[in-house]
Amino acid sequence: MNAVHTPALQSRLPRVGTTIFTVMSALAQQQGAVNLGQGFPDFDCDPALLDEVDRALRAGHNQYPPMAGVPALRQAVSAKIQALYGRHYDAEREITITAGATQAILTAVLCCVHPGDEVIVLEPCYDSYAPNIELAGGVVVRVPLQPGSFRPDFTRLAAALTPRTRALIVNSPHNPSATVWTAAEMQQLAEVLAGTEVLLIADEVYEHMVYDGLPHISASSIPSLAARSFVISSFGKTFHVTGWKVGTVAAPAALMAEFRKVHQFNVFTVNTPMQYALASYLANPAPYRELPAFYQRKRDHFRQGLAETRLRVLPSEGTYFQPVDYSAVSSLPEAAFCEWLTREVGVAAIPISAFYENGFEQGIARLCFAKRDETLDEALRRLKKI
Ligand SMILES: Cc1ncc(COP(=O)(O)O)c(C=O)c1O
């Protein structure tokens, strides 16, 4: 028999379906809603950055770059980390350019997690962490952040550590709660991990979005954490170019050597002209140094407007997200509330429950304020009606 036949496969990720981000964005588009759901800017990046891309393209930087990334970009990243966080990473051996933070996190997990190893995530957490661990054959161990405040619970974290714990994934500034870990909390993390063989995957993609004069305490700034960490960032977030998918990883040479083994046979390398453009653009620190003020103004404008609605505005210490408690408006579960808000009010939001494995309900939705003032104002106009 010569019938056309697609062989059946057994899914490596049987529980993964369409993500809430895709569902809400599609619904937002269908309903003509203001999309404050998915986290990306609706404004363009600095034209000076586009000029750098144009220059790089026309200078002929269009073939494969070195596997670990364009040296000038790795040097610029190393200098930036040194200036901001005081740790020296050797650009040659300890910095790698990745296809966004997403690939960096997956590669970090794949290079260190063996089947049966436990990896701790702190819930609520970014949706790629658990599937990444499962792809590596690891066991996801979920430790909740404290309900209400979303602060880390070090007693529960310490209790979750076992001899099989291989890694811990931490994200500050935190998506979706918009909390930022304090220096004391980072120090406590260092103490909890002291004497263990646990590796830290520090997802710091929102490192430049921290408000009210708070510092971002990078894992790279605490020597005992830096020694066990893959520290990950994203140019997409920092420079308003989420579609470029260019990120960075910094790690001690011994860890980075393993990271690069997986990176080499995964993406191999990341698109060349963007790397040259970013290397030149990084020569000026103003764009990332001014980012907190840029977003803080938007955050404050948005919060002022929200104060005139029946939504209760929760703290937003960092990231470009604003969590709101809607319990005065509705007793619907979070996903149903966000769907209602999109359909009936015309504003798309993301339920915090989507960042928990068991859909923990707190009556909180996440709104993204990385939007033009007109977009925020239109969303506020609609939200004032509920
Ligand atoms: C916490 C967190 N980590 C990682 C990423 C992915 O970053 P990138 O777009 O650079 O892959 C995101 C994007 O939303 C995020 O919120």
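## T98 and its surroundings

T98 lies in strand 2, which spans residues 95-98. The model is predicted. With a relative accessibility of 0%, T98 counts as buried, because the cut-off for that class is under 20%. The side chain of T98 reaches the backbone oxygen of G100 at 2.9 Å.

Beyond its neighbours within four places in sequence, T98 is in contact with a set of residues that includes Q103, A104, F259, H263 and V270. The run K245, V246, G247, T248 and V249 also belongs to the contacts of T98.

## The sheet

Strand 2 begins the order 2-8-7-6-5-3-4 of an open, seven-stranded sheet with mixed pairing. Strand 2 and strand 4 (139-144) are at the edges with a single partner strand each, so one side of each has no neighbour in the sheet. On average, neighbouring strands of this sheet are turned by 20° against each other, direction ignored.

Helix 4 (residues 100-112) packs on the sheet and touches strands 2, 5, 6, 7 and 8. The direction of helix 4 makes about 165° with that of strand 7.

Strand 6 (residues 199-203) pairs with strand 7 in the parallel sense, over four bridges. L200 has S229 of strand 7 as its bridge partner.

## S233 in strand 7

S233 is found in strand 7 (residues 229-234) and is buried, at 10% relative accessible area. The side chain of S233 makes a polar contact with the side chain of E207 at 2.6 Å.

Leaving aside neighbours within four places in sequence, S233 is in contact with A101, E204, V205, E207, G247 and T248. G247 and T248 are also among the contacts of T98.

How values were computed:
Residues numbered from 1 in each chain as written. Predicted model: local features only at pLDDT ≥ 70, side-chain atom pairs only at ≥ 80, totals over all residues. Heavy atoms only, no water. Helix = DSSP H or I, 4+ residues; strand = E, 2+ residues; numbered from the N terminus. Buried < 20%, exposed > 50% of the residue type's maximum accessible area, 1.4 Å probe, protein only. Contact = heavy atoms within 4.5 Å. Polar contact = N/O pair within 3.5 Å; in protein donor to acceptor, adjacent residues only side chain to side chain. Pairing = 2+ DSSP bridges. Axes fitted to C-alpha atoms, helices over the stretch in contact; angles between N-to-C directions.
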